[in-house]
Structure formats: structure tokens, C-alpha cells
Amino acid sequence: QVQLVESGGGLVQPGGALRLSCAASGSISQFSAMGWYRRAPGKQRELVTIITTSGSANYADSVKGRFTISRDNAKNEVYLQMSSLKPEDTAVYYCSYQSGTIVSWGQGTQVTVSS
């Protein structure tokens, strides 16, 4: 099994930046896809971004050009650098891990974008 713990959430003003971190532990595969989901108030859960072990990444259209995902395989960590934040980005952000049939989720970290 794999356990995930997110951190780095908080309150930022529109146009600001924030960096989220996710630490993974357990039986981590050499090959996996890790990413970030979010659930905004009154909205359905959506996939924000995902990245493979090799570094190939995909982003939701709503965050392209503003968010950047990265991972440190040696440290078993994945990050989400968010910039040009908008009030619409306010949500609980969840880290995810997938390798083969194994899927794991973190508990989430709150991001609030407000003036």
C-alpha cells in the first residue's frame, strides 16, 4: 500500500502563488502516475494534473500555463506550483498515486484564493 500526505495549502490573494507538496510512503513502484485532484465548493471533483515517473505531464485546461507539476522520485514526493491564482482555484486539493491496479489518495489540503 501507499500513503500520501499533502501540505502547503493556505490563503493567498488573487494573482499570488502557492506550492503544494505530497509525500508518499509505503510500497512505491518504480513506475507510477501521481497527480492532483481538487474539489471546489459546489463543484464536482476534477483532475488538475498528472505526471508519470518519466516526467510526462498533462493538465486540465483551466490550469494550463499557471500550474506546474513536478516530482522527485528519490524523495518520493510530488509538487504542485501554482501561480496567477484565481478565486476559482479555491478548493481542497488531493494528491493521488496510481500504479497498475493500486490507487491511493491523500486527505487533502485547503487552498483559498481571496482578497
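In this predicted model, strand 9 and strand 11 (residues 109-113) run antiparallel and are joined by 3 bridges. One spot to look for is A91, which stands opposite V111 in strand 11. Strand 9 has further partners. With strand 10 (residues 102-105), strand 9 again runs antiparallel, this time through 4 bridges, and here S96 stands opposite W105. The chain gets from strand 9 to strand 10 by way of a hairpin, with just 2 residues between the two strands. G100 sits in that turn and has a positive phi of about 60°.

Then there is strand 4 (residues 33-39), which is joined to strand 9 (residues 91-99) by 7 bridges, once more in an antiparallel arrangement. To find this pairing in the structure, start at M34 and look across to Y97, its bridge partner in strand 9.

Strand 9 also turns up in the nonpolar core. In soluble globular proteins, nonpolar side chains tend to be buried together. The largest such core in this model has 26 residues, and W36, M82 and Y93 are the ones with the most contacts inside it. Quite a few strands chip in: strand 1 (2-7), strand 3 (18-26), strand 4, strand 5 (46-52), strand 7 (67-72), strand 8 (77-82), strand 9 and strand 11 each give two or more residues to this core.

M82 is worth a closer look. What does M82 touch, once its neighbours within four places in sequence are left aside? The list runs G16, A17, L18, L20, R66, F67, Y93 and V111. Two names on that list have already come up: Y93, which is itself among the core residues with the most contacts, and V111, the residue opposite A91.

Finally, the cysteines. The count comes to 1 disulfide, formed by C22 and C95, whose sulfur atoms lie 2.2 Å apart. The link is left-handed, with -85° about the S-S bond. C22 lies in strand 3 and C95 in strand 9, so the pair ties together parts of the chain that are 73 residues apart in sequence. Are these two cysteines buried or exposed? A residue counts as buried when its relative accessible area is under 20%. C22 comes in at 1% relative accessibility, so it counts as buried. C95 has 0% relative accessibility and therefore counts as buried too.

Put together, strand 9 pairs with strand 4, strand 10 and strand 11, gives residues to the largest nonpolar core, and holds C95 of the disulfide.

Key:
Residues numbered from 1 in each chain as written. Predicted model: local features only at pLDDT ≥ 70, side-chain atom pairs only at ≥ 80, totals over all residues. Heavy atoms only, no water. Pairing = 2+ DSSP bridges. Core = buried A, V, L, I, M, F, W, Y, C linked by side-chain atoms within 4.5 Å. Buried < 20%, exposed > 50% of the residue type's maximum accessible area, 1.4 Å probe, protein only. Contact = heavy atoms within 4.5 Å. Disulfide = S-S within 2.5 Å.
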